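User: Could you take me through one part of this protein close up? I'd like to look at the main nonpolar core and whatever sits around it.

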Amino acid sequence: MTQRGRATRSTGRPRDGASSRAPRDGAGPRGGGGDLAARRTRLRGVIEPVVNGVGYDLEDLSVSRAGRRHVVRVIVDRDGGIDLDAVADVSRAVSNALDAAEETDGDILAGEYQLEVSSPGVDRPLTLPRHWRRNVGRLVKVTVRGAAALPGQRGEQPSGDRQLTGRVVGADDEGVRLETDDGQTLWTYDQLGPGRVQVEFTRLAELGEPDEFDDADDTDEHDDSDDIDDEDDVEDEER
């Protein structure tokens, strides 16, 4: 599996003495206290250089709470997509970097945490040039901002945002070329809102490619601690 669907690796990080360690009110990052924004910033400072160093882009980083532990979710991508082996490599590199950072500067998060590394799902919006470039050939829906008239529409229509569905036939640092039933049009990024990939089951069958969601639940999981509480108990603290 490449960029279609999602590959995920989940690794539990129980710590010696974690059950007896309590966060200190008002403590800084060393004690695992302080505000979540500061912790997330510190996590990004450790994780992003590692992800970039092994040839990937850090697309998102979030911290949430699951029962007695934190869940650190890291989403990475690269040209050509991500498979489970690549996700496992990134997961090990990130895990080692977090261990090293805590050996040097103390706990980033108080108590236990679970690290989840995954590739972007098809539902993630296209917001950066690299996102569009990695989806050349795919059908997307996007809002065109302030368009007086889209190809095939009457010119007297009032200026305003328009919904456009078309196939990405090219993308670079300047803009995106979309093909619709009315032909190809070049749009600059400041003209476009976030793009959304449209799932095409018929086209996938014609190409002999796997279903978009065949691998969506593929998980390479190793967790040495207790199971995470049911998803209904997860309280997002920051995303």
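Analyst: Let's dive in. In this predicted model, the largest nonpolar core is made of 25 residues. L43, I47, V51, V72, V74, V76 and L98 are the ones with the most contacts inside it. Where do its residues come from? At least two are supplied by each of α1 (36–53), β2 (57–66), β3 (69–77), α2 (84–105) and β4 (113–118). Helix α2 gives the largest share, with 7 residues.

Pick out V76 and see what it touches. Setting aside neighbours within four places in sequence, V76 is in contact with V51, Y56, D57, L58, E59, I82, V90, V117, S118, S119 and P120. There's also a second, separate core of 14 residues, and L178, W187, L192 and V197 are among them.

Now follow α1. Its buried residues are L36, R39, R40, R42, L43, V46, I47 and V51, and L43, I47 and V51 are also on the list of core residues with the most contacts. How far should this helix reach? With 18 residues at 1.5 Å each, α1 should span 26 Å, and its end C-alpha atoms are indeed 26 Å apart, so the two agree. Even so, α1 has a kink of about 25° at I47, shortly before the proline P49. Just after the helix, G55 takes a positive phi of about 95°.

E59, one of the contacts of V76, leads us to some charged pairs. Side chains of opposite charge can pair when their charged atoms come close. E59 forms a salt bridge with R134, with the closest N and O atoms 3.3 Å apart. Because E59 is in strand β2 and R134 is in the loop between α3 (129–133) and β5 (139–147), this pair ties together parts 75 residues apart in sequence. Both E59 and R134 are buried.

R134 has another partner, D79, and here the closest N and O atoms are 2.7 Å apart. D79 belongs to the loop between β3 and α2, so its bridge to R134, in the loop between α3 and β5, joins parts 55 residues apart in sequence. So is each partner buried or exposed? R134 counts as buried because its relative accessibility is 13%, while D79, at 46%, counts as partly exposed.

D79 also forms a salt bridge with R133, the closest N and O atoms being 2.9 Å apart. R133 sits in helix α3, 54 residues from D79. Salt bridges with shared partners join D57, E59, D77, D79, R130, R133 and R134 into one network.

Notes: Residues are numbered from 1 along each chain as its sequence is written. This is a predicted model: local features need pLDDT of at least 70, side-chain atom pairs count only at pLDDT 80 or more; totals for chains, interfaces and linings use all residues. Side-chain values use heavy atoms; hydrogens and water are left out. A nonpolar core is a set of buried Ala, Val, Leu, Ile, Met, Phe, Trp, Tyr and Cys residues joined through side-chain atoms within 4.5 Å. Buried means under 20% relative accessible area, exposed over 50%, partly exposed in between (1.4 Å probe, protein chains only). Helices (H or I, at least four residues) and strands (E, at least two) are DSSP runs, numbered from the N terminus. Contact means heavy atoms within 4.5 Å. The expected span of a helix is 1.5 Å times one less than its number of residues. The bend at a residue is the angle between axes fitted to the seven residues ending there and the seven starting there. A salt bridge is a side-chain nitrogen of Lys or Arg within 4 Å of a carboxyl oxygen of Asp or Glu.
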